[in-house]
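Biologist: Before we discuss any details, could you put the model up, so that we can both look at the sequence and the structure?

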Amino acid sequence: MTLDTIVTTLVISVGLLSGVHRLEVLSCFACLAVLVNYIVFITFYPACLSLTLGVSRASGGNFIKKDNNPVVERVKLIMSVGLVVVHTHKWLAFKKDVEDAFQSFVLEEPFEDHGQWSYGNVVVLTLLVTLIVFECKNDQKQSCFKTQTVFALNEEIKNKEVQTDSLRICSSTNTKPCFEDPAAFLVDEDFKDFHKNTTCRSLQDCLTVYQSNLCANDLTDEEVILLVKNKTIALYEIEKVVNNPERAVQIRRKLLGVQDLPYKSYDYSKIMNVCCENVIGYVPIPLGVAGPLFLDNQLIYVPMATTEGCLIASTNRGCRALLQCGVKSNLIADGMTRGPVVRFCSAIRATEVMLWLEQPQNFAKIKASFDTTSNYARLIKLRSRIAGRLLFIRFVATTGDAMGMNMLCKGTEAALTTLHRHFPDLEIVSLSGNFCTDKKPSAINWLEGRGKSVVCETVVPQKIVTTILKTTPEKLIDVNTSKNLIGSAMAGSIGGFNAHAANIVTAVFIATGQDPAQNVGSSNCITLMEARGADLYVSCTMPSIEVGTVGGGTGLPAQAACLEMLGAKGANVVEPGANSGRLARIVCGAVLAGELSLMAALASGDLVKSHLRHNRYNKDRV
Ligand code: ADP
């Protein structure tokens, strides 16, 4: 007999007692239906008896099913008590009618005298008293649990006497720990006393506490873990339920048994819902500095986050070689892209739409809807290509100081809605059709540019080439032609006409909170070298540097500090886009320094020697 049975029985009985003929008839039918399952417990008194029995067994957890919502169960209990009151009242007031009704439909032996009524009242009274006692006991148990600390891991656990299903281990008396093997969850120095200080109530109690306000503030870490393992709380939402990002990180680490990963002294509130999910700590990457880089008449120290030995040393040498001559940079173009793919019934129709988009007045309509989505994103051009009945439209827009991917997505979506209004047969296949192209090698970024297109150049005096770079302009030009031009052509490279642009790009990207995955397109670079008299002319052209100084990870304290070093932190309120443009130019300038140094090392045959010096100086064999 469950609480549900009690409630059903009581509700039906109310119908029977109502004195309203139709209701009584309906209740009779209900009785017949219920009779199939509950033939014995159809009447009020056995139900009461069952409830009493159920309550007496409640401590064993049988009365209220463990997986039931405790709030619903409580409502049912209250309902039962209410119905009992209704019954009592009804029977006292309309004793005769009730007896008739029960005689006709249900009861084999109607109550006939006051002695039986007294018996009924005793049952009702017993029921109420039992309920009150049960409630009190329950409350007492809960408050007791709040202060109770459950002790060390005892021998019982070590001997695996606990049940195998860790979710069912917590008994209502709370004398056993929550996990089959709590040691599996021990992490860090902080948690080595886990066995001694584990506070853990039963799963049912934890559920009750959690579901009462959908918050885990009143639960211990181990209890939260219990609910995560029970799938009541998702792994990713621990921050939300404990309302404390660092505690959430600690809990997740305990849960996963992560130990040797730093997590302290980090403001997790800054990355929550912005930069990272399911956080368990952070991976420290050493940050070095190359410079000063003499770029556009300014001395700049370039922060680089890397674990590749020699990289910063090499870039630093390049910067030193450029100190006297300096580097000049130029922003050639600026435009982030998103390239959705849409479909029509035929190639003819797709072509029609492509031609429609090329009309200036139609471009204006699309631009109007695109531009309304942001204060900074401004559509500057569309590039369309047909593949059968598929139409790829590359939206190109300036995005101020933001790298702009989110902005482009919003703008493109709005523009496609407008286009759809003009061409209702247009089917949007994907907001990104890889015609953008983001984070994948592609010729289109190399040819048309993406983000910032930058060029840097300098003339390095012969003397510097020989003294600092330990080579000659002739040798450098020769190696550059053979390696960066012919070699890359032989490899069928697209945008890879350089020695190691990706090294510098990635290290600066990580330091400044850029999306490191965008090093794919951002590292497109052609390095050119030629003689300028006895001196060396060098240029680096990078058509697709995808950077921003607002949004993404750029606002995090460490990354923002690196941007500050570069004079490119945050939004430029006077000239939106100036900061991100500056960052792109610095990236290109640093790449030029890196190129010069590595190419010199190759030209002089010094590469292996210098790597061994910086990385593995004490090893002859590697
Ligand atoms: P992204 O589009 O690069 O993914 P976000 O989605 O974070 O970047 O958008 C950048 C946010 O910064 C936008 O809300 C934008 O309004 C705001 N913002 C403030 N100042 C600027 C600025 N100078 N340039 C670009 N965006 C800016």
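**The ligand and helix H22**

Modeller: In this predicted model, a nitrogen atom of the ligand is 2.7 Å from a polar backbone atom of Asp401, a polar contact being a pair of N or O atoms within 3.5 Å. Local features need pLDDT of at least 70, side-chain atom pairs count only at pLDDT 80 or more, and totals for chains, interfaces and linings use all residues. Residues are numbered from 1 along each chain as its sequence is written, and side-chain values use heavy atoms, with hydrogens and water left out.

Biologist: Which residue has a polar side-chain atom 2.9 Å from an oxygen atom of the ligand?

Modeller: For Met403, a backbone N or O atom lies 3.3 Å from an oxygen atom of the ligand. The polar side-chain atom that lies 2.9 Å from a ligand oxygen belongs to Asn406.

Biologist: How much of the ligand's accessible area does the protein cover?

Modeller: On its own the ligand has 570 Å² of accessible area (Shrake-Rupley method, 1.4 Å probe). Of that area, the protein covers 72%.

Biologist: Within what arc do the buried residues of H22 fall, seen down its axis?

Modeller: Helix H22 (a DSSP run of H or I, at least four residues) spans residues 557-565, and its buried residues (under 20% relative accessible area, 1.4 Å probe, protein chains only) are Gln559, Ala560, Cys562 and Leu563. They line one face of the helix, because their directions from the helix axis to the C-beta atoms fall within an arc of 155 degrees.

Biologist: Which residues are exposed on the other side of H22?

Modeller: Exposed means over 50% relative accessible area. On that other side of H22, the exposed residues are Pro557 and Ala558.

Conventions: Helix = DSSP H or I, 4+ residues; strand = E, 2+ residues; numbered from the N terminus. Polar contact = N/O pair within 3.5 Å; in protein donor to acceptor, adjacent residues only side chain to side chain.
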